Structures are given as C-alpha cells and as structure tokens.
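Trainee: Could you take me through one part of this protein up close? I'd like to look at how its aromatic rings pair up.

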Amino acid sequence: MRRMVAVLSWFLCTVSVNGAVAEPFPRSPELEPAIQFWTKIYGEVSTGGGLLHDRSDLSIIYETIRFPEGATHAQRVRHVRDRRAYYSRMLETLAAGDHRDLSAEERRVLRLWGIDADGGTLRRASRQIRFQRGQSDRFRRGLVRSGMWEEYIHRTLDEMGLPREIEALPHVESSFNPDAYSRAGAAGIWQFTRGTGRRFMRVDYVIDERMDPYLATEAAARLLRHNYSVTGDWALALSAYNHGVAGIQRAVKATGSRDITDIIREYEGRAWGFASRNFYPAFLAAIDVSAQAERYFGPVERARPVPSEVIEMPFYASINDIIDAFEVDRRDLRELNRGLLAPIWEGNKLVPRGYRLRVPGGAGRPDPRVLLARIGDDARYFAQIPDRYHTVARGDTLSSIALRYDVSSRELVSLNGLRNAHLIRVGQTLRLPVADGVPLADQTHYTVRRGDSLSRIAQRAGTSVSTLAAANGLDPERPIFPGQELRIDGRPAAGLDTTIAVAEGVGTTEKNGDGSTTVAAAADGTGGAADEADAVGEVQAASMFGRYEDWFELLIRYFGPPQPRVNVSAADGPSDVEEKKPQVAGDMDI
C-alpha cells in the first residue's frame, strides 16, 4: 500500500496542467552537444585516451587522443600538455587575423569556430582547452557490476516514488564501483561525502554505511527525495545531488529561472565549475549509454545479485561468532556487509546491536533467526568494546608501540587509518586494539575482576553507572575491588535499604601499568576502577556528552580524546616520529 501511494504521488507531481505526463529529466536542444560529448566519453573513448576540447562549448573537439600502449602517467600528462600547447599556439595565430595561406590543420580548427570567428573569440579559446579522459571501459565494467544491485535499486526507487532514470546515477558517480573513494572523500557507488552521508547513515571508523551499496541506495533515494521536496523539479534535485540544495537555490535566484538549461548557460557561481555545469548532461548521457549498452559495447552479461536476507542484530557480537553461527565464508559475509570496517573484521570491535546484517539467503538456507540463536549467551554483548588510546611520545615508533601493547603494526595502521606507517607525530593519539571482554548476557550478578571499573561493567550490562552504583549501595567516586559481587540487572542488591545518590565530583585520570590511561569522572558515570594500575583506558563520549556526541566524536577523530594531566610518555630519546562532491569521473586536469 505504501509503495502504491508513493508511486501515485510521484505520478501526480509529474502531470502537467493539460494532463500530459511531464518528463522528469527534460532534454532541451541546447543541451544536446554536451549530452553527445558525454555519450562519446562513456560509450566510445576508453581510459587509454580522451578528448581535447573547449571547456565551455563541448561541441568543439580538437582531437581524440590515444595514449601509447604502456605509457606511464607522467608520459600521458606530458603528451596532453604538448597537444594542448599545440592547439593554443594555433588559435593565437588564427586570432591575429591573417587567414591567408593556412595549413589544412589550421583551416580545420578555424572551421570548428566558424570562418568568421573574431580574434577575441579565438584568443579566449586558446586559454580554454581542456582534456577529458575517456570512460568507456570503466562504464562497461560498471554495467557488469550494476547487475548485483540494480534490482534492489529499482525496488527502492519505486517504493519511494522516485523516477527510474535515477538508477543511472552511479554510472556518473563511481561506475558502480563499491570501493570507489574520491580525492574529496566521497565514498561508495553513490559517492556520499562524509558530511552528507552522516545525515542519512552511520559513518565512523567502525561502520561506514556509504560503502554498503544497499544502505547507500536507500540514503541516496532519501537525499534525492529531499532535494525534490525543496526544489520541486527533478532536474534541479538531481543537480543538487552534486552541487547541494543551497547551491542550486542560489543558482535559481541568480538567474531568475528554474530551468536547468538556463542555469547551465547563465550561472557563474564561484563553486559552479565544469563538473557542476556538466553533471546533468553527463547523467542524461549515462541514461542513453546504459539503455543502449549493446550498441556501444556489444553483448554485456551483467552480474547476478547474491541471494541474501537481512536480520537486525538484537545484541552485540563478534564477527567470528557470527561467521560460525551462520556457517558462512568470511569473504562472502564481508562482500554482503561492506559497511563493516576493519576494526570489526580484525576483532577490535563488535557488530553493534541494531545493525541490519545481510547474510546469505535463498532456497535451502535456514531461517536467519534460527542461525542467530546459535550464538550463546556467553557471546552476546550488551555494549561495544570501549576504545583505548596511546599518546605518541618522543622516541616512539609504530613498531615500538605495537610491541609495547602486544599488537601488530598492521592493526594500528588499520585502526587509525594511517597512510604511512613510518609517519606518526609526537602528541598524536592512536587508538589501540582492545582485548575481548567477557559478555554479561542475562546474568543478574557479576563478580568484579582485576582491571574492572564501574563504567566498563555498566556498559557491558547495558545500564548506567548511576543505576549500577545505586543498586549496590556504592559511591561511584570510590574504587571497587576484585572479588566484590555486584547486582547488574537494575534491581537493588540483597539487604540494601537505601539508594545512594551519585555524588557530584571532578573527573580524575589514572596512569595504567601498560602506559595507556583510564579517564574517569565521578558525576558522569565512569566510576572508579578496580586495581587501577592494570585497568585499560577508555573514553565514553556518549554518556558524557549526550546530544553533542557527534561533535565530540569529530574532535576525537582529528585531535584525539581528552588527555590526562599525567606523564605517560617514554623517556626522551632519538625520534623518527612525525605525522563534494567529486568531479565528473575521469577528469584529468592537465
């Protein structure tokens, strides 16, 4: 029923006054040269070459460049620069006005602009020569890959009342490459930037749903639907996917028109560059090439979707326990859940409660709920494994830090997103892998062990420190001790007659025996640690900062967590430490 309403709403929105169905993505004759240009790029010219063309008038193509087989990137760049300089000099000569005794090549270039072209036009043209790398081989590979998700994309678009043509957008954004990551930080087949992605998905160092084609498809549909609700026009909504809704609204205001053709022709906004101006024509070209794939590429056998089902995780669990329970190949599960990042696959984090896990499905497969039930109580966690950190000191190297904490350098590189294992800096905060804890499942009591803290016990039990302290008659500012038995199900401990209020207090920090630190705050629910000398450091952003958690996470990502006022550095010594939207695919700015 909901799907029917969505489709009906879209239909009513696209019916014109006279009753005819309006084209959601109109094509004006003025846009045809640009559409044909991108059709060549997507359907005819491979990444082994490209088109040397005028930046403003895409009907003017000076040359189709084919790079020599085996040419290096530097050689390709040099070749393009040489050919661009060649045509620039020719246009300057033609701009001088003496058109007598022209060579055949000069006459050909002059005819591109018209025999009567004036000197000013030709001189401007000499400074507007641009190279666009071909994409036909990538586009073909994208067509093959698209078969894995096109059925899901169709269903999502239909259910949300969006035009089917939008299915071609990933061809422009990523060639349907789920591993695509642009220089601007846009990721996945729909190329969400981090900021935009976080409006619709979870994006952090544990889970990045931009990389999951299924979840990102839903997010892209919601974003485009939002864009349409603001702009009231699908061409503008599509352009806003690249340039932003606010940017498109500025373009409408500056040009006084809601016609995408007028905006492309007239708008001169500061951020309205070649990529933004050509995003809509490139999208229309992608629709054409995709619809006529056999004409451009011959027979194309598209990949088949992998049968799968989705189950929402009712608890936290390690990926290894999930693999065992579902009897699934690790690579297959990873392919179905691309949003789960290295910390989960390496065992440093758990698959979180509420995550929509995609597992193999199809005929003959048991109900995923039955398989999930194989995970025993002792492997069901109530909360995520906490982070611990190390602050890089003078003399530290990544290998020495790894040795100190008995972890691998590769884990540190992965967990911290380091691009260079040899480049860390003094004062930099590194996340450290955390050993698996002991799940509390449905226990009612817990015996304190060496290294425990109230915050860690409360987190794993799915309760707050204040509740845990009150239930056990504890002052959260005072330490707990190994062997102490605590009631963890939220009910008062036996013989407890009164509830002790959580004391207000100032946060404290303790240095641990392994060099990491425990950050504790009496009033915010972190509590004292049992035998602090052996405790593992942790920072709990959510409980302390509430609705400012996202800001705090962002600060941690770039500046590291709050640091204790204690010296946890190694002795001084010799040191070797230091530390969107994307452009139209294939652009080589040379």
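Mentor: Sure, and keep in mind that this is a predicted model. Before we get to the rings, here's the setting: the protein has 25 helices and eleven strands. Of its 590 residues, 50% count as buried. It exposes about 28700 Å², with carbon and sulfur atoms supplying 49% of that area.

Now for the rings. A pair of aromatic rings is described by how far apart the centres are and by the angle of the planes. Rings count as a pair here if their centres lie within 6.5 Å, and the count comes to 14 aromatic pairs. Let's zoom in on one of them, Tyr-42 with Phe-139: the centres are 5.3 Å apart and the planes make an angle of 35 degrees, so the pair is tilted, as the stacked label needs under 30 degrees and edge-to-face needs over 60. Tyr-42 belongs to helix H2 (residues 32-43) and Phe-139 to helix H6 (residues 136-146), so this pair ties together parts that are 97 residues apart in sequence. Tyr-42 and Phe-139 are both buried.

Next, follow the ring pairs outward. They link Tyr-42 and Phe-139 with Phe-37, Trp-38, Phe-274, Tyr-296 and Phe-297 into a cluster.

While you're looking at rings, check out two that have a charge over them. The charged end of Arg-358 sits over the ring of Tyr-152, 5.6 Å from the ring's centre. Over the face of Tyr-205 you'll find Arg-431, at 3.5 Å from the ring centre.

Note on methods. Residues numbered from 1 in each chain as written. Predicted model: local features only at pLDDT ≥ 70, side-chain atom pairs only at ≥ 80, totals over all residues. Heavy atoms only, no water. Phe/Tyr/Trp six-rings, centres within 6.5 Å; stacked < 30°, edge-to-face > 60°. Helix = DSSP H or I, 4+ residues; strand = E, 2+ residues; numbered from the N terminus. Buried < 20%, exposed > 50% of the residue type's maximum accessible area, 1.4 Å probe, protein only. Lys NZ or Arg CZ within 6 Å of the ring centre and 35° of its normal. Areas by Shrake-Rupley, 256 points an atom, 1.4 Å probe, with all protein chains shown as cover.
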